Amino acid sequence: MTPGRLEIFHCGGCPLSTSRMADDVRRGLSSAPKDLSPWPKYLYDGEGSHLFEEITRLPEYYQTRAEASILRRRAEEIVVRTGCRELVELGSGAAGEKTLLLLDALTAHNGGCAGYAPLDVSEDVLRKSGERLLREYPGLTVRGFVGDFEEPPERLLAEGPGAPRLVAFLGGTIGNLTPRRRRRFLGGLVRGFRRGDALLVGVDLVKDARTLEAAYNDRAGITARFNKNLLRVINDRLGGGFDPDLFEHRAPYVARDSRIEMWLLSRTAQRIPVKNLGLTISFAPGEGMRTEISTKFTSASARRMLEETGLRIAGFYTDEARLFGLLLAVQP
Ligand code: AVJ
C-alpha cells in the first residue's frame with residue numbers, strides 16, 4: 001500500500017444529483033401522508049450538517065456522547081478482536097472523536113500503517129477531514145467516497161489496502177431506514193464482505209418516551225431548525241416556495257414502531273409552488289409531512305437484524321446507562 005495518500009472517488013449513479021432529488025421529492029410530496037423520510041440524506045446540506053453537529057452537543061441529545069463513551073472503553077478491544085487493517089466508515093461526517101478513537105486503535109495495532117475509507121454525502125467534509133487525518137496519521141491511506149451509504153460503490157470493499165476490514169456504521173443512522181430498507185441495505189453491504197470482515201453498527205436503544213422525545217424536541221430549538229432546513233434545501237435546489245415559519249416541528253415517539261418520527265405541520269392552509277417539479281403542493285391546516293424516522297432497538301432486535309444477514313454476532317457493547325448500543329458482527 002502507498003501510505004500517506006488521500007484519494008476522493010465519486011460514487012456512480014449520481015445519488016446526490018438534483019434530478020434524483022427531484023424524483024424523490026416529487027414522490028414524497030405526492031404520497032399520503034406527505035413523506036420525505038425515505039431520503040434522510042437531503043437533511044444534510046452544509047447548513048443541515050452544521051445543525052446536526054450542534055445537535056450532538058445538546059444536553060438532551062445523549063446519543064453521540066453515549067456512543068463515544070462506549071468507544072472510549074472498547075475501540076481497542078474491537079480492533080484487536082477483528083484484527084482489522086482498514087476502517088470503512090459509512091456516513092462518516094467530519095471524522096469526529098468516535099472515528100479518531102477507532103483510528104487510534106487501528107494504527108496502534110498495525111504499526112501506524114492502515115487504511116481509512118469514509119463514505120459521506122459531502123465532498124468538502126471528506127476532503128477537509130481527509131487532509132487533517134493525513135497530518136495526524138502519517139501512515140494512513142485515505143480513500144474518500146462521495147455518495148449515499150445505501151448505494152456504496154463496489155470498489156469501497158473490492159479494493160483497499162488491507163483485510164480484514166472493519167465497516168463502521170455509527171451514530172444510529174441505520175434507524176433512519178424502515179425494516180425493509182435496512183434488510184436491503186445490510187444484505188447488499190454484506191455481499192461485498194470476505195471472511196473475517198466485521199460490521200460495527202451503532203443503535204439507539206429503546207427507553208422511556210420522555211427521554212427519547214426530549215432528544216428530538218430540545219429546548220434550544222436546534223432540532224426544529226434542523227427539521228425545517230429541509231424546506232430550505234427544497235427551495236434552493238428545486239425552486240420551492242416553502243416558508244419555514246409556516247410549519248411547526250413535531251417529533252413524537254411512536255411506540256408501536258419503536259421509533260421517533262419527525263414531522264413538519266402546516267400552520268395554515270397553503271399552496272406552495274415547487275418550480276423545478278412543475279408542481280403546486282397543497283397543505284390543509286395542521287396537515288403534516290413526515291421528514292425522518294429514527295428507530296430505537298433492543299439488544300435482541302438489533303442482534304436479529306444483523307443475524308438475518310448471515311453475520312455472526314461477536315459482541316454487543318453498551319454504555320453504563322444503557323442508552324446506546326454498538327453491535328459487532330463478523331463474516332464467518
Ligand atoms: C444522525 C440519523 C442518528 O436519527 O437521531 C438528530 C439524526 N435527527 N436529531 C437521529 C437526527 C434529529 C440522527 N442520526
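The exercises below, each with a worked solution, concern a predicted model.

**Exercise 1. Work out which strands stand at the edges of the open eight-stranded sheet, and what follows for them.**

Step 1. Write down the strand order, which is S1-S5-S4-S3-S6-S7-S15-S14, with mixed pairing.

Step 2. Look at the edges: strand S1 (5-10) and strand S14 (312-318) each have a single partner strand, so one side of each is left without a neighbour in the sheet.

Step 3. Add the twist, which averages 15 degrees from one strand to the next.

**Exercise 2. Describe how S14 pairs with strand S15, and find the helix that lies across both.**

Step 1. Strands of a sheet pair through backbone hydrogen bonds, either parallel or antiparallel.

Step 2. S14 and strand S15 (residues 324-330) take the antiparallel sense, with six bridges.

Step 3. One pair to locate is arginine 312, whose bridge partner in S15 is valine 330.

Step 4. Helix H3 (residues 63-82) lies across S14 and S15, and also across strand S6 (165-169) and strand S7 (198-204). The helix runs at about 25 degrees to S15.

**Exercise 3. Place the second largest pocket relative to the two domains.**

Step 1. Take the domain assignment: domain 1 is 18-41 + 209-294, and domain 2 is 60-207 + 296-330. Their C-alpha centres lie 28 Å apart, and the contact takes 20 residues from domain 1 and 17 residues from domain 2.

Step 2. The second largest pocket has a volume of about 320 Å³. Of its 16 lining residues, Pro179, Arg182, Thr295, Phe297 and Ser301 are the closest to the centre.

Step 3. Helix H7 (179-191) and helix H10 (299-307) each supply at least two residues of this lining.

Step 4. Sort the lining by class: eight residues are charged, four polar and four nonpolar.

Step 5. Both domain 1 and domain 2 give residues to the lining, so the second largest pocket lies between them.

**Exercise 4. Inspect the backbone at proline 33, proline 164 and alanine 95.**

Step 1. Recall the usual case: most residues other than glycine have a negative phi, and most peptide bonds are trans.

Step 2. Alanine 32 and proline 33 are joined by a cis peptide bond, with omega about -5 degrees. Proline 33 is in the loop between helix H1 (18-30) and strand S2 (34-35).

Step 3. A cis peptide bond also joins alanine 163 and proline 164, with omega about -5 degrees. Proline 164 is in the loop between helix H6 (155-158) and S6.

Step 4. Alanine 95 has a positive phi, near 50 degrees. This residue is in the loop between strand S3 (86-90) and helix H4 (97-108).

How values were computed. Residues numbered from 1 in each chain as written. Predicted model: local features only at pLDDT ≥ 70, side-chain atom pairs only at ≥ 80, totals over all residues. Heavy atoms only, no water. Pairing = 2+ DSSP bridges. Helix = DSSP H or I, 4+ residues; strand = E, 2+ residues; numbered from the N terminus. Axes fitted to C-alpha atoms, helices over the stretch in contact; angles between N-to-C directions. Contact = heavy atoms within 4.5 Å. 1 Å grid on protein atoms, 1.4 Å probe; cavity = no way out; pocket = protein on both sides within 12 Å on 5 of 7 lines; lining within 4 Å. Points joined across faces, edges and corners; volume = space filled by probe spheres on them. Nonpolar A, V, L, I, M, F, W, Y, C, P; charged D, E, K, R; others polar. Domains from an automatic or database assignment.
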